[in-house]
Every structure is written in structure tokens, then in C-alpha cells.
Amino acid sequence: MEAKHPSESRTVLTDLVLPGETNQLNKLFGGELLARMDRAAGIAARRHSRKISVTASVNHVAFNEAIPLGSVVTVEAMVSRAFNTSMEVVIDVWTEDQENGQKTRVNEAIYTFVAVDEQGKPTAIPQIQPETKLEQQRYDGALRRKQLSLVLAGKMKPHDATELKALFL
Ligand SMILES: CC(=O)SCCNC(=O)CCNC(=O)[C@H](O)C(C)(C)COP(=O)(O)OP(=O)(O)OC[C@H]1O[C@@H](n2cnc3c(N)ncnc32)[C@H](O)[C@@H]1OP(=O)(O)O
């Protein structure tokens, strides 16, 4: 399988924050944002793998800034690294000043998707070749994050997490 670039999976969803999607403070519900991020990340994973792709893990979410009612919110997702059957997808969330168009990065998240066949069995995917400096940084950190996620899920022994150990030794 030929390697692909992160930009080939780039997925951008832009939508408003409507009244039914906010809490008592008129800010966007965290769960609504998680759903938007999952949708964008799922499309990005499918664009990379061209296979059915399921969410295996939400590895990191930071709600850095609340998003007010009426905001224009852009969710941008891109595969940062592909392993055998799994992919790390990095998601950036932006709001847009509707007067001057200036964008502010308000949230970020990292999800893991797994490509599966019609029976739900994990299946091989193309590798990825980063092109930009940011893509290279995200690629380089992805194995460490994968190992952390697997250790936390009880699917890897801490002793086997070589990348994680390298941080401390
Ligand atoms: C788009 C959606 O929202 S889909 C709906 C929500 N998601 C789901 O319903 C998924 C339900 N879960 C599943 O179907 C299964 O658990 C799967 C397909 C995700 C994984 O199946 P498993 O039997 O655990 O497969 P397996 O152990 O072979 O792991 C497959 C890959 O996922 C990786 N993986 C599994 N769990 C995790 C985790 N918690 N964190 C990071 N990576 C993980 C493995 O390391 C492996 O990666 P690799 O092949 O690239 O090295």
C-alpha cells in the first residue's frame, strides 16, 4: 500500500452553535463538541484508510475556552500517524470573529480510530508521510501517545511501553 500524506485526510466542518446545543451559561455543551469532533475525525480516518473506521479511544481532550451561543465553530481533523490498523487523528477547534474573520484556536483533541472490515475485524491501512514541521512533530509524538493509551486501557504492560519509558530514563 502506498503511503499517504496527512493533508489527504484533512476534514473541516464549520457550523453554528444553536440554542439547543448550549448549557445554562449559553456555552456549547462539551458532549456536542465531542460529537462534532468524532464526526470530523471519523471522516478523516476514512479518507486516509478508505475503510470503515471506528472510534477506538478518545486519548486527549482539552476544553480550553468556552464557546458562546451563536459562535461559528470550525472543527479540523487530520490523521497524524498510521500504525498497522489504527490511526491517530488530531483535531483542532477554532472559533471565528464574525466582524473581522479572525480565528482563535479554542480546543484540541486526539482520537484513535481503527480500520475494520465488514465483520468488524481490524484491517491494514496505508502508512503516512508527514510533510510540514507541525505534521512531523505530531507524527513523532504519536507512538508515545498510543502506548500511553494502551497502558491506560490495560492493553499494554507499562514495562513494554518503550517510548514512554524513554521519557523517564
Ligand atoms: C465512528 C464511530 O463512532 S464507531 C462507534 C464507536 N466505536 C466502536 O464501536 C468501536 C468498538 N470497539 C471495537 O470494535 C474494537 O475494540 C476495535 C476494532 C476498536 C479494536 O479491536 P481489538 O480486538 O482491540 O483489536 P486489536 O487489539 O487488534 O487492536 C487493533 C488496533 O487498535 C489499537 N488499539 C486498540 N485499543 C486502543 C486504545 N485504547 N488506544 C490506542 N490504540 C488502541 C491497537 O493497538 C491496534 O493498533 P495497530 O494494529 O495499529 O497496532
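**Close-up 1. Charged side chains over aromatic rings.** In this predicted model, the charged end of Arg-81 is placed over the ring of Tyr-139, at 4.1 Å from the ring centre. A second arrangement of this kind involves Lys-146, whose charged end sits over the ring of Phe-83 and lies 4.8 Å from its centre. Lys-146 returns in the view of the ligand, where a polar atom of its side chain is 2.8 Å from a ligand oxygen atom.

**Close-up 2. The surroundings of the ligand.** The ligand is surrounded by 19 residues, and the closest of them are Thr-55, Thr-85, Ser-86, Lys-146 and Ser-149. Two side chains can be followed to oxygen atoms of the ligand: a polar side-chain atom of Lys-146 lies 2.8 Å from an oxygen atom, while for Asp-38 the corresponding distance from a polar side-chain atom to a ligand oxygen atom is 3.3 Å. On the side of nitrogen, an N or O atom in the side chain of Lys-155 is 3.0 Å from a nitrogen atom of the ligand.

**Close-up 3. Strand β4 and its two antiparallel partners.** Strand β4 spans residues 86-96 and is mostly covered, with 9 of its 11 residues buried. Strand β3, residues 72-82, runs antiparallel to β4 and is joined to it by 10 bridges, and in this pairing Val-73 stands opposite Thr-95 of β4. The hairpin formed by β3 and β4 has 3 residues between the strands. Strand β5, residues 103-116, also pairs with β4 in the antiparallel sense, here over 11 bridges, and Val-90 stands opposite Ile-110 in β5. Between β4 and β5, which likewise form a hairpin, there are 6 residues, and Gly-101 in that turn has a positive phi of about 80°.

**Close-up 4. The aromatic pair of Tyr-111 and Phe-113.** A search through the whole structure returns 1 aromatic pair. The rings of Tyr-111 and Phe-113 have centres 6.5 Å apart and planes at 10°, and the pair is therefore classed as stacked, since planes under 30 degrees apart are counted in that way. Tyr-111 and Phe-113 are both buried.

**Close-up 5. Glu-76 in strand β3.** Glu-76 has its place in strand β3, the strand that is joined to β4 by 10 bridges. With a relative accessible area of 16%, Glu-76 is counted as buried, because the cut-off for that class is under 20%. The side chain of Glu-76 makes a polar contact of 2.9 Å with the side chain of Arg-10.

**Close-up 6. Arg-39 in helix α1.** Arg-39 belongs to helix α1, which covers residues 30-49. The relative accessibility of Arg-39 is 49%, and the residue therefore counts as partly exposed. Computed along the chain by position, Arg-39 and Leu-16 are 23 residues apart, and from C-alpha to C-alpha they are 15 Å apart in space.

**Close-up 7. The annotated segment.** An unreviewed UniProt entry places the feature "domain: HotDog ACOT-type" at residues 7-119. Over residues 7-119 the chain is 18% helix and 48% strand, and the C-alpha atoms at the two ends are 29 Å apart.

Note on methods: Residues are numbered from 1 along each chain as its sequence is written. This is a predicted model: local features need pLDDT of at least 70, side-chain atom pairs count only at pLDDT 80 or more; totals for chains, interfaces and linings use all residues. Side-chain values use heavy atoms; hydrogens and water are left out. UniProt positions are given in the numbering used here, feature names are shortened, and annotations may be inferred rather than shown by experiment. Helices (H or I, at least four residues) and strands (E, at least two) are DSSP runs, numbered from the N terminus. Buried means under 20% relative accessible area, exposed over 50%, partly exposed in between (1.4 Å probe, protein chains only). Two strands pair if DSSP finds at least two bridges between them. Rings of Phe, Tyr and Trp (its six-membered ring) pair if their centres lie within 6.5 Å; planes under 30 degrees apart count as stacked, over 60 as edge-to-face and the rest as tilted. A charge sits over a ring if NZ of Lys or CZ of Arg is within 6 Å of the ring centre and within 35 degrees of the ring normal. A residue is near a molecule or strand if one of its heavy atoms lies within 4 Å of it. A polar contact is a pair of N or O atoms within 3.5 Å; within protein, one must be able to donate a hydrogen and the other to accept it, and residues adjacent in sequence count only if both atoms are side-chain atoms.
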